[in-house]
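Biologist: Before I rely on the labels attached to a structure, I want to hear what stands behind each of them. Please take me through them one at a time.

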Amino acid sequence: MASPLWDRAFRLFAWGCSLVLMGAFLVIIGFLCIKGYTALTPRLIFGDTGFWDAVLLRRQVFDGLFPAMAGTLCLIMLSIVLAVPLGLSTGIFLAEYASPRVKWFFSLVFDILAGIPSIVVGLFGFCITLFLHQCFFDRLYPCLLISALSLAFLVLPYMIRTTQMALESLPVSVRLTAPSLGATQLQNIVYVLLPAALSTILSGIILSIGRCAEDTAVIMLTGAVATAGIPKSVFSSYEALPFYIYYISSQYADHSELIKGYGACLVLIFICMNLFVLSHFLKKRLSQRLLFRH
Amino acid sequence: MDVKAFLSKSMFLGACLLSTGITLGILGFMLVLAYPLFARGLFWEMLIQPWSPGQGLFGVGPMITGTLCIASLAVVISIPISLGVACFVGIVHPGGKGRILKSVVEAMTSVPTVIYGFVGVFLLVPLVRTLFSGGSGMCILSAGMMLGLLISPTMILFFVQSFTLVPQNHLDAADALGANTVQKFFYIVLPWAWKSMVTGLILSFGRAMGDTLIALMISGNAAAFPESVLDPARTLTAHIALIIAADFDSIEFKTLFVCGISLYAMTGFGVVLARGLGQRGRA
């Protein structure tokens with residue numbers, strides 16, 4: 001394999017594969033842009049309703065994406081609120097309190113949780129609803145709260161892992177200063193370690209937000225519907241952006257609805273990409289600055 | 001240990017136990033709900049039987065076959081591409097170009113699955129239909145190709161990660177001896193990195209099996225044993241999404257738990273296998 005021909009072939013292979021992958025990615029994005037750019041107007045989101053009327057909930061939006069976006073937003077906020085305390089505490093326990101043996105066992109469990117397909121988590125949420133409906137509250141149906149809870153289970157392992165990694169990767173000098181000055185373990189965690197690891201933890205949370213925004217399998221089993229308007233309470237069904245896209249792809253009635261589907265795809269990609277860039281930025285740039293400010 | 005320290009520690013431990021409880025609870029809930037099938041001894045038969053409700057057969061055999069076919073095809077498509085891109089990023093151009101490509105690949109991981117499905121329905125399926133005239137275009141091939149694209153970024157990042165495990169001084173030594181990139185790859189990088197690359201492969205396979213939307217939207221969802229890659233097939237995940245509206249007491253609904261348990265078992269086994277490999281690699 002010493003001949004330069006092999007070297008050439010190897011480089012060619014690497015270049016070829018990279019071009020194929022980039023090409024496929026560009027085709028996907030380009031296809032959506034070409035088909036959907038005509039839909040990218042305020043009408044796509046607000047329909048015939050005015051901007052302020054829609055945002056201040058004065059009038060209902062009927063033929064726009066606004067209810068779906070509001071539903072996705074509620075879903076994200078609720079599931080992050082549910083997942084963050086649990087994920088953070090678990091991560092802190094694993095990084096700071098657990099002995100290596102205990103840590104080994106629990107990280108195996110959370111790896112398994114991370115590997116569970118999202119539809120199985122959705123099925124779990126659905127069964128919980130069924131169980132609660134039959135045994136306790138007979139007015140409980142699949143709803144926003146159940147979806148948020150299931151999504152929280154789905155992103156929990158990511159949150160645990162980023163918290164644990166962020167804390168474990170702190171340098172020993174940061175870790176030992178406060179205890180040597182007489183701080184307790186809890187004080188060390190709250191005042192030194194968590195602030196120092198904050199940007200990594202935040203980037204993990206933002207990635208989890210992205211997961212919540214994109215996941216369709218869980219919500220189609222636990223309460224997302226095609227038309228519901230703005231969610232009125234956590235016990236009502238709701239619309240969501242990814243579910244809307246799925247729904248359009250199988251049930252579109254005419255060409256204009258399909259174009260709206262392309263527009264919705266672009267909106268969703270835009271949201272997810274922004275979340276990704278934000279998380280990337282936090283992890284790369286701010287980690288240094290935050291480390292030195294505290 | 002004062003009260004505050006004790007309370008905080010118990011709180012953190014409680015959170016950890018709760019998270020563990022959720023993981024085991026998901027499996028436990030499905031096992032309890034599938035208990036009638038176990039009690040009647042139907043569970044194991046259902047794993048291989050065909051699905052024909054007319055004859056009273058509610059096996060998920062076709063779905064398991066479909067899942068394995070589509071996920072394997074996706075991995076087979078994804079391996080060479082991922083390997084090439086990972087080599088580009090890690091070995092051929094580790095500097096500027098490689099770093100840009102890696103950022104793009106990382107960005108690709110954030111593209112929602114439903115987008116891949118949507119583009120699959122309106123771009124890939126018509127293309128496959130015209131290229132291989134016959135059928136609707138919704139087949140294992142379309143789903144496998146799209147799924148391969150979906151798991152490629154994950155696999156690439158795993159591969160690149162494993163390439164960084166190679167000690168730099170080995171690479172420097174190879175450079176000093178005048179090795180070219182191929183020699184460097186085959187004699188130094190592969191022997192060091194293959195274990196963790198296999199780990200990445202297993203986890204990507206798990207991801208391909210667990211994906212719902214692509215299979216549901218573009219694999220055709222026919223509940224029969226597929227005979228060629230141009231046949232439609234139904235995956236376990238799509239089966240769950242399709243049957244969920246059935247009557248809760250019906251046997252169709254019970255099959256969901258057979259699907260759920262098999263998916264849980266297969267991905268869980270993959271994780272354990274990957275960890276086992278990783279541990280031995282580190283020792």
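The questions below go through the labels in turn, each with the value behind it.

Modeller: This is a predicted model. The ipTM is 0.89 and the pTM is 0.89. For chain B the mean pLDDT is 88, and 98% of the residues score at least 70.

Biologist: What makes up the secondary structure of chain A, and what makes up that of chain B?

Modeller: Chain A has 12 helices and 0 strands. Chain B also comes to 12 helices, but with 2 strands. From the N terminus, the elements of chain B run α-α-α-β-β-α-α-α-α-α-α-α-α-α, which places the strands after three helices.

Biologist: What are the spans of the two chains, and what percentage of each counts as buried?

Modeller: The C-alpha trace of chain A spans about 70 × 65 × 35 Å along its principal axes, and that of chain B about 75 × 70 × 30 Å. Of the 294 residues of chain A, 48% count as buried; for the 283 residues of chain B the figure is 49%. Among contacts between residues at least 6 apart in sequence, those joining residues at least 24 apart account for 74% in chain A and 72% in chain B.

Biologist: Why is Ile202(B) called buried?

Modeller: The label needs 20 or more other C-beta atoms within 10 Å. Ile202(B) has 23, so it is buried. The residue lies in helix 9 (residues 181–210) of chain B.

Biologist: Which residues are in contact with Ile202(B), leaving aside its neighbours within four places in sequence?

Modeller: They are Gly270(B), Leu273(B) and Ala274(B). Ala274(B) is 72 residues from Ile202(B) in sequence, while their C-alpha atoms are 6.4 Å apart.

Biologist: What makes Asn221(B) partly exposed rather than buried?

Modeller: Asn221(B) has 19 C-beta neighbours inside 10 Å. Buried requires 20 or more, and exposed requires 12 or fewer. The value falls between those cut-offs, so Asn221(B) is partly exposed. Its place is the loop between helix 10 (213–218) and helix 11 (236–243) of chain B.

Biologist: What is the phi of Asn221(B)?

Modeller: Asn221(B) has a positive phi of about 60 degrees although it is not a glycine. Most residues other than glycine have a negative phi.

Biologist: How do you know that helix 8 of chain A lies largely in the open?

Modeller: Helix 8 (residues 172–180) of chain A has 9 residues, and the number buried is 0, so the helix lies largely in the open. Just after helix 8, Gly182(A) takes a positive phi of about 100 degrees.

Biologist: Why are helix 6 and helix 7 of chain A called oblique to each other?

Modeller: The axes of helix 6 (residues 118–135) and helix 7 (residues 144–168) of chain A come within 9 Å and cross at roughly 140 degrees. Roughly antiparallel needs an angle over 145, and roughly perpendicular runs from 65 to 115. The angle meets neither condition, so helix 6 of chain A is oblique to helix 7 of chain A. Their crossing is right-handed. The contact includes Val121(A), Phe124(A) and Ile128(A) of helix 6 and Ile146(A), Leu149(A) and Phe153(A) of helix 7. Its residues divide into 7 nonpolar, 6 polar and no charged.

Biologist: How many residues of each chain are in contact with the other chain?

Modeller: 67 residues of chain B are in contact with 70 residues of chain A. Helix 1 (residues 3–33) of chain B gives the largest share of chain B's side, 17 residues. That side divides into 44 nonpolar, 20 polar and 3 charged residues.

Biologist: What makes helix 5 of chain A oblique to helix 1 of chain B?

Modeller: The axes of helix 5 (residues 100–115) of chain A and helix 1 of chain B come within 9 Å and cross at roughly 45 degrees. Roughly parallel needs an angle under 35, and roughly perpendicular starts at 65. The angle lies between those limits, so the two helices are oblique. The crossing is left-handed. Residues meeting there include Phe106(A), Val109(A) and Leu113(A) in helix 5 of chain A, and Cys16(B) and Thr20(B) in helix 1 of chain B. The residues of this contact divide into 6 nonpolar, 3 polar and no charged.

Key
Residues numbered from 1 in each chain as written. Chains lettered and ligands numbered in written order. Predicted model: local features only at pLDDT ≥ 70, side-chain atom pairs only at ≥ 80, totals over all residues. Contact = placed C-beta atoms within 7 Å. Helix = DSSP H or I, 4+ residues; strand = E, 2+ residues; numbered from the N terminus. Nonpolar A, V, L, I, M, F, W, Y, C, P; charged D, E, K, R; others polar. pLDDT = per-residue confidence, 0-100. Axes fitted to C-alpha atoms, helices over the stretch in contact; angles between N-to-C directions. Left-handed = near helix turned anticlockwise from the far one by under 90°.
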